[in-house]
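The following note was prepared for a colleague who wishes to go through the model point by point. Please read it alongside the sequence and the coordinates.

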Amino acid sequence: MIGVNKLYPPLCKYHSCLAVADYEFTDAETVKTEQGDGLVKEEVKTITIGHACFNHVEEVNKMLKEIYYGDKKSDSNK
Ligand SMILES: [Zn+2]
């Protein structure tokens, strides 16, 4: 049987731009999984955190930095 799936192209995250993205932003995430023998395995996984069209690469980059690293927050020195 042939399955038909609708594809959702990644869209630019900049406000209401919604253009099909030309760039994707990734971040590295450490994933810890406990093995059966009690050992913890650490893996670094690359995750996609956002997309941007060529007009908004800088803006979205800044936006994501603020979300993920709290650039604007003054209480970031925990
Ligand atoms: Zn855009």
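The points below run from the overall arrangement to individual residues.

1. Status and overall arrangement. The model is a predicted one, and the comments here should be read accordingly. The chain contains two strands and one helix, and from the N terminus their order is β-β-α.

2. Burial and contact range. Of the 78 residues in the chain, 12% are buried. Where contacts link residues at least 6 apart in sequence, 49% of them join residues at least 24 apart.

3. The strand pair. Strand 1 and strand 2, the latter spanning residues 40-52, pair in the antiparallel sense over 12 bridges. One bridge places T26 opposite T48 of strand 2. The two strands form a hairpin with five residues between them. Within that turn, G38 adopts a positive phi of about 85°.

4. Exposure of strand 1. How many of the 12 residues of strand 1 are buried? The number is zero across residues 23-34, and strand 1 therefore lies largely in the open. The criterion behind this statement is that a buried residue has 20 or more other C-beta atoms within 10 Å of its own.

5. The helix. Helix 1 comprises 13 residues, 57-69. The distance from its first C-alpha to its last is 17 Å, close to the 18 Å expected at 1.5 Å a residue. Helix 1 is followed by G70, which has a positive phi near 55°.

6. The nonpolar core. The largest nonpolar core consists of five residues: C12, Y14, A21, A52 and V60. V60, a residue of this core, touches C12, K13, Y14, F25, G50 and A52 when residues up to four places away in sequence are not counted. The contacts of V60 thus include C12, Y14 and A52, which are also listed in the core.

7. Positive phi before strand 1. Two residues in the segment before strand 1 deserve inspection of their backbone. H15 is found in that segment and has a positive phi of about 40°, although H15 is not a glycine. L18 is found there too, and its phi is near 60°, again a positive value in a residue other than glycine.

8. Environment of H15 and L18. Are these residues buried or exposed? H15 counts as exposed because it has 10 C-beta neighbours inside 10 Å. L18 has 11 C-beta neighbours inside 10 Å, so L18 also counts as exposed. The cut-off for exposure is 12 or fewer such neighbours.

Terms used: Residues numbered from 1 in each chain as written. Predicted model: local features only at pLDDT ≥ 70, side-chain atom pairs only at ≥ 80, totals over all residues. Helix = DSSP H or I, 4+ residues; strand = E, 2+ residues; numbered from the N terminus. Contact = placed C-beta atoms within 7 Å. Pairing = 2+ DSSP bridges. Expected span 1.5 Å × (residues − 1). Core = buried A, V, L, I, M, F, W, Y, C linked by C-beta atoms within 7 Å.
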